[in-house]
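I opened the notebook for another session of looking things up, one small query at a time. Here is what I wrote down along the way.

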Amino acid sequence: MNPILEMAKSRFKAKKVIAVMSAKGGVGKSTIASLIALNLSERQKTALIDLDIYGNSTLKLFGINKLHEVSKEGIEPFLVSNLSIYSIGGLVGDHYVVLPGKDEGNVVESLLGLANVKEDLVVIDTPPGMGEELLTLSRVLDPEIYLVTLPSKLSLKIVKHMLDYLFDLGLKPKMILANMSFLNTTNGRIYPFGELEPVKELGEEFDIRVECLQFDPSIEEFVGRIQDYNGVLKEELARFLICKE
Amino acid sequence: MHEWAIAMSVVSSVEKWALERNAKVKKVLLSIPSLSMLEVEILREAFNVIKKDSKIADAELEVIVRDQNFSCRACGNKFTLKDIRSQLEPILRDFGEENPLHVVPALITTFAKCPKCSSHDFEVDSSIKVEAVEI
């Protein structure tokens, strides 16, 4: 009997969990996860759990350089207004993380089991790809999935594999978010990855809603203080994700 | 400190197990890795307090502290916690009581290396598990 796994399962049983996933790295998943969580936290208390144990981008996005407090009830969150943030980076500090395969699952299980999450709404920033962390996540939770991708040919090929895999697990994503799909300029709209038809066709093939997000270069200025960002990307996500909930 | 959270997880998972079988639990055998540095007395105290409000109020907790056998996947070297203790001293010093290995023992490969070949790629059972339930 694995008490930590049981604890993780019971902790999240009655909560609404949104998992932000991506088939490959570098598509803006952590930024999207953070903005979704920030949007949701404007309406109700929300938890954001960073399970990307190697990247730990969440803490860098929010400019958090502290360690988690650990209480009788488990790992206590970093608080940013109405948002409670948990990350393995808050345990290891500024140290790289090296984990052989099955230990990845154990670490994810421990973080989910020991994070003292009180909020009913939880956003999880998952690691890219289809590794052990994703298997662990599906052991513990039944999340609503938002799959982030770039609308590039390479990304879409890998996303298709991920969709096949998720469907095999019985998990159908709620939405595909095609990040950096276009850039609005004074000279009109630019499509850095070309036509958006392929990503829309992929959505049709799997019967999943696709939303194409615009690229906002100003977001770079908010790395380390993403909680202060109120630009178009956050607005778009609010429109797609909250108003239609 | 998080021994209380561990004890809570043990009580609730054994209680669930017992309810599914309509069983009366006499003893719970919990196995913890020595590298977790969990305090057995705090675990036992927490278990005894938390169990009072559960269906396993009469259960006794026995804790086994496992000494780990480490096995390097790079060079095949077998070693023990004693062999890497000096590597862990800076973590204990810098992080204090609630150090990462105390909270998540599976992080051991992040902070330690094989003493023979310096690889982080070694295996060890760092899990916390209920080994047996006596009814």
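**Entry 1: an aspartate in a loop**

I began with D207(A), which is exposed, with a relative accessible area of 57%. The model I am reading is a predicted one, so I treat every value here as computed from it. Where does D207(A) sit? I traced D207(A) to the loop between α8 (197-206) and β11 (209-214) of chain A. Its backbone caught my eye: D207(A) is not a glycine, yet its phi is positive, about 60°. For context, I reminded myself that most residues other than glycine have a negative phi.

**Entry 2: a serine and a proline in one loop of chain B**

I then looked for a similar case in chain B and stopped at S118(B). Phi of S118(B) is positive too, near 70°, and this residue is not glycine either. I found S118(B) in the loop between α5 (108-111) and β5 (122-123) of chain B. Is S118(B) buried, partly exposed or exposed? S118(B) counts as partly exposed because its relative accessible area, 45%, falls between the 20% and 50% limits.

P115(B) lies in the loop between α5 and β5 of chain B, so I checked its accessibility as well: P115(B) is partly exposed, at 40%. Which residues does P115(B) touch, leaving out those up to four places away in sequence? I listed N77(B), F79(B), D83(B), I84(B) and Q87(B). For I84(B) I also noted the spacing: P115(B) and I84(B) are 31 residues apart in sequence, and their C-alpha atoms are 6.7 Å apart in space.

**Entry 3: the two domains of chain B**

Next I turned to the domain split. Chain B has domain 1 (2-67 + 125-134) and domain 2 (69-124). I put their C-alpha centres 26 Å apart. The contact between them takes 11 residues from domain 1 of chain B and 13 residues from domain 2 of chain B. Together the two domains bury about 980 Å², with 62% of it on carbon and sulfur atoms. Which three residues supply the most of the area that domain 1 of chain B buries there? They are H2(B), L35(B) and M37(B), with 53%.

I looked for salt bridges between these domains and the rule gave 0. Polar contacts do turn up, in 4 residue pairs. By class, the domain 1 side of this contact has 4 nonpolar, 4 polar and 3 charged residues.

**Entry 4: chain A against chain B**

Last came the interface between the chains. I counted 29 residues from chain A and 32 residues from chain B in the contact. The buried area is about 2,600 Å², and carbon and sulfur atoms give 71% of it. On the chain A side, M1(A), P3(A) and K72(A) lose the most area to chain B, together 26% of what that side buries.

How many salt bridges cross between chain A and chain B? I found 1. K16(B) pairs with E6(A) in a salt bridge, with the closest N and O atoms 3.3 Å apart. I also logged 6 residue pairs in polar contact across this interface.

To see which elements of chain A take part, I listed those giving two or more residues: α1 (3-12), β3 (70-71), β4 (74-75), α4 (89-92) and α5 (101-114). The most comes from α5(A), with 6 residues. The chain A side divides into 17 nonpolar, 7 polar and 5 charged residues.

Methods
Residues numbered from 1 in each chain as written. Chains lettered and ligands numbered in written order. Predicted model: local features only at pLDDT ≥ 70, side-chain atom pairs only at ≥ 80, totals over all residues. Heavy atoms only, no water. Domains from an automatic or database assignment. Contact = heavy atoms within 4.5 Å. Buried area = accessible area lost by both parts, 1.4 Å probe. Salt bridge = Lys/Arg side-chain N within 4 Å of Asp/Glu carboxyl O. Polar contact = N/O pair within 3.5 Å; in protein donor to acceptor, adjacent residues only side chain to side chain. Nonpolar A, V, L, I, M, F, W, Y, C, P; charged D, E, K, R; others polar. Helix = DSSP H or I, 4+ residues; strand = E, 2+ residues; numbered from the N terminus. Buried < 20%, exposed > 50% of the residue type's maximum accessible area, 1.4 Å probe, protein only.
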